[in-house]
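Biologist: I have some questions about this chain. Can we go through it residue by residue?

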Amino acid sequence: MSDKIEQVQSEALRAVEECGSAEELQQLRIRYLGKKGSIQELMAEMKSLPKEEKPAFGQKVNLLKAAVSQAIEARQEVLSAGEMDARLAAEKIDITLPGNRTEIGTIHPLQLIRRELEDLFVGMGYTIAEGPEVELDHYNFELANIPKDHPARDMQDTFYIDPNTLLRTHTTAMQMRELEKAEGKLPIKLICPGKVYRRDDDDATHSHQFMQCEGLVVGEHITLADLKGTLEYAANVMFGGGRKIRFRPSYFPFTEPSVEVDVSCPFCNGKGCSVCKHSGWIEILGAGMVHPHVLEINGFDPEKCSGFAFGIGLERMTMLKYGIDDIRNFYTNDLRFLKTFDRFD
Ligand code: PHE
């Protein structure tokens with residue numbers, strides 16, 4: 001019987017010693033220490049022994065069990081250390097390899113100018129209003145004092161979707177929506193930036209899609225002087241200090257009087273250069289006092305309030321500011337062009 005114990009012991013210890021993986025070791029644990037394992041079998045054989053031999057035999061089997069458990073534990077430690085080493089080696093990352101560069105885009109120049117204008121006007125207490133590019137004739141024309149058959153409709157060649165629906169030709173449509181929404185309540189002080197569309201043949205200075213940012217202020221005692229002061233301040237922020245503003249008479253159906261606004265040339269400081277065609281002035285936007293009829297049809301009393309409005313063309317402003325000479329650059333998505341505008345400008 002003792003021989004058998006020794007035999008199991010030497011066999012088990014050798015198997016444990018030679019075992020190469022945690023899985024295999026688990027099998028050995030079951031084979032020797034499990035409920036139906038070899039050591040349990042030896043225990044069972046104790047029954048058939050004479051009484052006086054039982055204690056000595058039991059002791060030996062217990063020693064065997066302890067020895068095998070200990071060997072398995074020891075082997076377990078060796079194996080898991082080895083497995084960890086192997087995993088570390090397999091998952092090793094070469095941190096000296098050059099990484100994959102992630103392309104980071106730049107902000108579109110029109111977007112840069114839009115944000116700059118938004119910051120500027122929000123800083124003066126204006127809110128920002130946005131609305132649909134597919135617009136009703138009612139807001140784009142009718143409420144802006146341009147009824148059907150009005151000759152001013154020819155000034156803005158329009159993409160119609162059906163007789164009442166169109167792609168808005170100016171952000172003035174948004175001003176009309178806001179005036180209507182206010183239901184006669186004062187004051188109104190907002191800008192409406194956004195895309196507009198006109199049936200133009202594209203060339204270096206025309207695009208059938210472009211961007212505007214219009215401003216609208218309605219309140220008590222608003223005058224042309226307020227408009228001038230506001231635009232002068234804006235021109236100084238956008239084009240650098242020392243800018244002057246000049247008004248020239250013009251015509252828009254929704255403003256009376258209407259003006260064309262020039263800024264003193266930021267490139268030559270008004271002395272005359274090729275950018276300002278030697279006039280010292282650059283036309284930057286159209287503006288005027290909100291037409292009393294527009295106030296009236298939108299539910300305001302022109303006897304009690306007045307307002308000014310202005311419409312900035314973002315492409316023109318951006319072209320002036322960055323010296324861009326072809327409007328098509330904004331819409332052809334040439335990365336060489338777009339990348340010259342630093343993301344964090
Ligand atoms: N809506 C005019 C245009 O698109 C610009 C403008 C806006 C003029 C507001 C005066 C007042 O040409």
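Modeller: Let us start with Asp-149, found in the loop between α6 and β3. Keep in mind that this is a predicted model.

Biologist: Is Asp-149 buried or exposed?
Modeller: Exposed means over 50% relative accessible area. Asp-149 has 77% relative accessibility, so the residue counts as exposed.

Biologist: What is the phi of Asp-149?
Modeller: Most residues other than glycine have a negative phi. Asp-149 is not glycine, yet its phi is positive. The value is near 70°.

Biologist: Which residue in the loop between β6 and α8 (224-239) has a positive phi as well?
Modeller: Its phi is near 60°, in a residue other than glycine. At 70% relative accessibility, the residue counts as exposed. The residue in that loop is His-221.

Biologist: Back to the loop between α6 and β3. How far is the C-alpha atom of Pro-147 from that of Pro-253?
Modeller: Pro-147 sits in that loop. Pro-147 is partly exposed, at 35% relative accessibility. Pro-147 and Pro-253 are 106 residues apart along the chain. Their C-alpha atoms are separated by 9.8 Å.

Biologist: Which residue forms a salt bridge with Asp-137?
Modeller: Side chains of opposite charge can pair when their charged atoms come close. Here the closest N and O atoms are 2.8 Å apart. Both partners are buried. The partner of Asp-137 is Arg-153.

Biologist: How many residues apart in sequence are the parts that Arg-153 and Asp-137 tie together?
Modeller: Arg-153 lies in the loop between α6 (137-140) and β3 (160-162). Asp-137 lies in helix α6. The parts tied together are 16 residues apart in sequence.

Biologist: Which residues are linked with Asp-137 and Arg-153 in a network of salt bridges?
Modeller: The network links Asp-137 and Arg-153 with two further names. These are Glu-142 and Lys-148.

Biologist: Which helices hold Lys-4 and Glu-45?
Modeller: The two side chains meet in a salt bridge of 2.9 Å, N to O. Lys-4 is partly exposed, at 36% relative accessibility. Glu-45 is also partly exposed, at 22%. Lys-4 lies in α1 (residues 2-18), and Glu-45 lies in α3 (residues 38-45).

Biologist: Asp-326 and Arg-328 meet in a salt bridge. Is Asp-326 buried or exposed?
Modeller: Arg-328 is partly exposed, with a relative accessible area of 37%. Buried means under 20%. Asp-326 has 18% relative accessibility, so Asp-326 counts as buried.

Biologist: How many salt bridges does a search of the whole structure find?
Modeller: The pair Asp-326 and Arg-328 is a salt bridge at 2.9 Å, N to O. Across the whole structure, the search finds 19.

Biologist: What charge does the surface patch with Asp-203 carry?
Modeller: Asp-203 sits in the loop between β5 (188-197) and β6 (209-219). Asp-203 is partly exposed, with a relative accessible area of 30%. Asp-154, Asp-157, Asp-200, Asp-201 and Asp-202 gather there with Asp-203. The charge of the patch is negative.

Biologist: Which peptide bond into Pro-257 is cis?
Modeller: Most peptide bonds are trans. Pro-257 is in strand β8 (residues 255-264). Omega is near -5° for the bond from Glu-256 to Pro-257.

Biologist: What is omega for the cis bond from Leu-186 to Pro-187?
Modeller: Pro-187 is found in the loop between α7 (172-182) and β5. Omega there is near -10°.

Biologist: What separates the centres of domain 1 and domain 2?
Modeller: Domain 1 spans 2-90, and domain 2 spans 109-344. Taken over C-alpha atoms, their centres are separated by 89 Å.

Definitions and conventions: Residues are numbered from 1 along each chain as its sequence is written. This is a predicted model: local features need pLDDT of at least 70, side-chain atom pairs count only at pLDDT 80 or more; totals for chains, interfaces and linings use all residues. Side-chain values use heavy atoms; hydrogens and water are left out. Patches are made of residues with over 30% relative accessible area and no salt bridge: like charges are joined within 9 Å, nonpolar side chains (Val, Leu, Ile, Met, Phe, Trp, Tyr) within 5 Å. Accessible areas come from the Shrake-Rupley method with a 1.4 Å probe; for residues, only the protein chains shown count as cover. A salt bridge is a side-chain nitrogen of Lys or Arg within 4 Å of a carboxyl oxygen of Asp or Glu. Lys and Arg count as positive and Asp and Glu as negative; His and the chain ends are not counted. The place of a charge is taken as NZ of Lys, CZ of Arg, CG of Asp or CD of Glu. Helices (H or I, at least four residues) and strands (E, at least two) are DSSP runs, numbered from the N terminus. Buried means under 20% relative accessible area, exposed over 50%, partly exposed in between (1.4 Å probe, protein chains only). Domain bounds come from an automatic or database domain assignment.
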